[in-house]
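Student: I am new to this structure and would like a close look at a single part of it. Could you take me slowly through the place where the ligand sits and what lies around it?

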Amino acid sequence: MTDIRCIGICTGGGDAPGLNAVIRAAVKSAFLKYQWKVIGIPDGFDGLIWPEKSYELTLKDVSGILPRGGTILGTTNRGNPFNYRRIENGREVIRDISDEVIVNARKLGIDAVISIGGDGSQKIALELFRKGLKIVGVPKTIDNDLCATEVSFGFDTALHTATEAVDKIHTTAESHHRIMVVEVMGRDAGWIGLEAGIAGGAHVILIPEIPFTIERICQYVAEREAFGKHFTIVVVAEGIKLPPELKENRRAGAVGNVVGNAIAARAGKEVRVSVLGHIQRGGSPSPFDRILATRFGVAAVELIANGGFGQMVCLRNERIESVQIADAVGQVKTVNPDGEMVRTARAVGICFGDCEQC
Ligand code: F6P
């Protein structure tokens, strides 16, 4: 058992439904089981760059936050203390201010930190750990692309949101005999696209892991027309690799439109595009995410109690375990194009825009 009296907690990177559930669980178990004081570190590690922003989190502060989306601590996907942008003498400079962060943690009386975040935040956590800060990680991302954990909280809620959107698009697509393109998030992994596509009964799913052609999609649309189905739903993951002829049109958040325009030009049918965007990150966490987040929060406190610094909690075979952060970062978990999930989708006639079923 380590000599801990006070822990800090921070949330970094893009937010995800379930962050508040982790904060609540960590504060409750730290206080109720160990009588530790908990300091909330706002906006990623910013609260350790400006320690005056950090404040004590009490049981009262975390009461009622379980069903709330976002994070009560705020977050940022800038603010890396190892590459910190600041203005000095009117000029923007990049500085390594990690030493200040460690000194400030000490000044605040923080003995150990829980860092809740995705790959980027865990890389920062690892570097701070290597410099002597006692730190443990909790994985977070709606993209579900972290190798070290079977699933991260936030994914299930995002999947529900995306599936509900595809359901809603279905009825209007059918009424208007249109091709409807739905762009979903997921960064370089196709998990949200694949699973929302299967769950929402999409006809075409485009994911980064499977190269596609517009020609094949239009051929598939024509096959549906011949079968008497005059509408088609195309789920597009934001990270897809565009075919060479469309590449120059690539802009962040615009691939759905690029694909939609290309299909419209070739298929001679009306196409509409919906980009779901940050809606997928918002809203109340699903029961699954609330439970996983609560388990992670409690497990992070246990890691600290047992001296498991430099480790991150994770889910493996439905059990909460831990891994070295060093072994967890930098590896993206992508969809296996030959895996069971893709084969299942193909078996029910879903087209991936490739020529597997030509
Ligand atoms: O990693 C989560 C995620 O929502 C990705 O799916 C998306 O590409 C990215 O974050 C968007 O980030 P931002 O909030 O900076 O627009």
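Tutor: What follows is a walk from the ligand outward to the parts of the chain that surround it. Please keep in mind throughout that this is a predicted model, and that the values below are computed from it.

The space that the ligand takes up is the largest pocket, and the residues that surround the ligand there are Asn-77, Ile-142, Asp-143, Met-185, Gly-186, Arg-187, Glu-238, His-278 and Arg-281. Sorted by character, this shell around the ligand consists of 4 charged, 3 polar and 2 nonpolar residues.

Some members of the shell can be followed down to single atoms. In Glu-238, a polar side-chain atom lies 2.5 Å from an oxygen atom of the ligand, while for Arg-281 a polar side-chain atom is found 2.9 Å from an oxygen atom of the ligand, and the side chain of Asn-77 has an N or O atom 3.1 Å from a ligand oxygen atom. As for cover, the ligand on its own has 400 Å² of accessible area, and the protein covers 73% of it.

Stepping back to the chain, we find that it is divided into domain 1 (6-153 + 285-316) and domain 2 (158-281 + 336-347). The contact between them takes 8 residues from domain 1 and 9 residues from domain 2, and the C-alpha centres of domain 1 and domain 2 are 35 Å apart.

Why, then, is the ligand said to lie between the two domains? Both domain 1 and domain 2 give residues to the shell around the ligand, and therefore the ligand lies between them.

Conventions. Residues numbered from 1 in each chain as written. Predicted model: local features only at pLDDT ≥ 70, side-chain atom pairs only at ≥ 80, totals over all residues. Heavy atoms only, no water. Near = heavy atom within 4 Å. Polar contact = N/O pair within 3.5 Å; in protein donor to acceptor, adjacent residues only side chain to side chain. Areas by Shrake-Rupley, 256 points an atom, 1.4 Å probe, with all protein chains shown as cover. 1 Å grid on protein atoms, 1.4 Å probe; cavity = no way out; pocket = protein on both sides within 12 Å on 5 of 7 lines; lining within 4 Å. Sits in = over half its atoms within 2 Å of the grid points. Nonpolar A, V, L, I, M, F, W, Y, C, P; charged D, E, K, R; others polar. Domains from an automatic or database assignment. Contact = heavy atoms within 4.5 Å.
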